Amino acid sequence: MRELAQEVLAGQEAWVVGGAVRDELLGREVVDLDVACREPQAAARAYAKRSGGAPFPLSERHGAWRVALENGRTVDFTPLPGVIEDDLATRDFTINAIAAPLAGGEPADPYDGRADLEAKVVRALSPRVFEDDPLRLLRAVRIEDELGFRLEPETERLVRQYAGLVTQPAGERTLAELVRLSVEGYRRADDLGLLAPLGGSSDGLGRAELVDRPAFRLVAVFGDSLRRFPISNELKRYTRALLRAERPPDPSPRAIYRFRRATEPWAPDALAFVGASELTDAVLEARDRDPSEPLLRGDELGLAPGPEIGRILELIAEERAAGTISTREEALELVERERPSPPST
């Protein structure tokens, strides 16, 4: 990504800024590139033409542009109206306020961000960073969590002081930070007072240690309050399945079948959510035994169209899972026993 940006902006002043510089200095993989330059729109269009990516304005107010690449990575081009030090003065933390010349050379580091990288410290650039953009409250915890760093004491004090502002950013931005938190990250956010205003709590995180899935952690932390965020329909269904799950009364095939019917395709996660992970093997074994074809279809029941067909088909499936029937003939006998009696005259 960087090599192509160098070709596109050859002979122009341009700087790599933000997390890309930080991650490169830490020896981490650089996933996304952020370049400050004089003409972001022209640079983005030229980069997109050479890379096959899709350019679009990231912020019309600030003039930033993004190029989305096929592999899910992005390259952002942001305005550089003055000197690079002016750009860095608007950043959130010292470790993100380092700029490297795109063409190569000595980094600009006016706030000693490299020293904080070595000390593994997250330090706010100014006392106003959280007022200027309250999303930085969660970002501070996320960076601390992902990098294994620790908030500098004054920065931690500021996070606690402005924790009530955490509800102000748009839900999409907030959710994007939350999904990247680990179990310990959520606990840290709760300790700093950032979860309660959002309707969350770390009290249910013990079960999240069993399922390493961002969606599971979100449900464990926010429960029904997760609906306040702009979550996908898939996550809505996942949330409903976990919140409505009831612990199976026993490990019998019938109980496992009923639990799966209410929670699949997320039955193992739902077991962890209700504290019944010891039944996971039973669920997986039941999955392996799932028949490829039903014993009977609706048009073979001899019933008039209506909800009774669905009820009986479900009964057949449950009895088959429970082991009380296994053949088409036995299923037909069950249908006869369940067939509504004709009204008396």
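Let's start with a count: there are 45 salt bridges in this structure. The model you have open is a predicted one. Side chains of opposite charge can pair when their charged atoms come close, and this tour visits a few such pairs.

**Stop 1: Arg 188 and Glu 144**

Select Arg 188 and Glu 144 and show their side chains. They form a salt bridge, with 2.9 Å between the closest N and O atoms. Now colour the two helices involved: Arg 188 belongs to helix α10 (residues 183-191), while Glu 144 sits in helix α7 (residues 135-147). The two residues are 44 residues apart, so to speak a link between distant parts of the chain.

Are these two buried or exposed? Arg 188 has a relative accessibility of 9%, and because buried means under 20%, it counts as buried. Glu 144 is buried too, at 5%.

**Stop 2: Arg 227 and Asp 224**

Next, pick Arg 227 and Asp 224. Their side chains meet in a salt bridge, 2.8 Å from N to O. Turn on the surface here: Arg 227 is exposed, with a relative accessible area of 63%, and Asp 224 is partly exposed at 45%.

**Stop 3: Arg 254 and Glu 319**

Move on to Arg 254 and Glu 319, where you'll find another salt bridge at 2.8 Å, N to O. Which helices hold them? Arg 254 lies in helix α13 (residues 253-263) and Glu 319 in helix α16 (residues 307-322), so this pair ties together parts of the sequence 65 residues apart. With the surface still on, check each partner: Arg 254 is partly exposed at 25% relative accessibility, whereas Glu 319 is buried at 13%.

**Stop 4: a network**

Time for a bigger selection. Pick Asp 92, Arg 139, Arg 142, Glu 146, Glu 177 and Arg 180: a network of salt bridges links them.

**Stop 5: α7 against α9**

Keep α7 in view and add helix α9 (residues 171-178). How do the two helices pack? Their axes are 9 Å apart, at an angle of about 10 degrees. Angles under 35 degrees count as roughly parallel, and therefore α7 and α9 are roughly parallel to each other.

To see the contact itself, select Leu 135, Leu 138, Arg 139 and Arg 142 on the α7 side, then Arg 173, Thr 174, Glu 177 and Leu 178 on the α9 side. Colour them by class and you'll get three nonpolar, one polar and four charged residues. Arg 139, Arg 142 and Glu 177 should look familiar: they are among the members of the network from the previous stop.

Note on methods:
Residues are numbered from 1 along each chain as its sequence is written. This is a predicted model: local features need pLDDT of at least 70, side-chain atom pairs count only at pLDDT 80 or more; totals for chains, interfaces and linings use all residues. Side-chain values use heavy atoms; hydrogens and water are left out. A salt bridge is a side-chain nitrogen of Lys or Arg within 4 Å of a carboxyl oxygen of Asp or Glu. Helices (H or I, at least four residues) and strands (E, at least two) are DSSP runs, numbered from the N terminus. Buried means under 20% relative accessible area, exposed over 50%, partly exposed in between (1.4 Å probe, protein chains only). Axes are lines fitted to C-alpha atoms, for helices over the stretch in contact, and angles run from 0 to 180 degrees between N-to-C directions. Angles under 35 degrees count as roughly parallel, over 145 as roughly antiparallel, 65 to 115 as roughly perpendicular and the rest as oblique. Contact means heavy atoms within 4.5 Å. Ala, Val, Leu, Ile, Met, Phe, Trp, Tyr, Cys and Pro count as nonpolar, Asp, Glu, Lys and Arg as charged, and the others, Gly among them, as polar.
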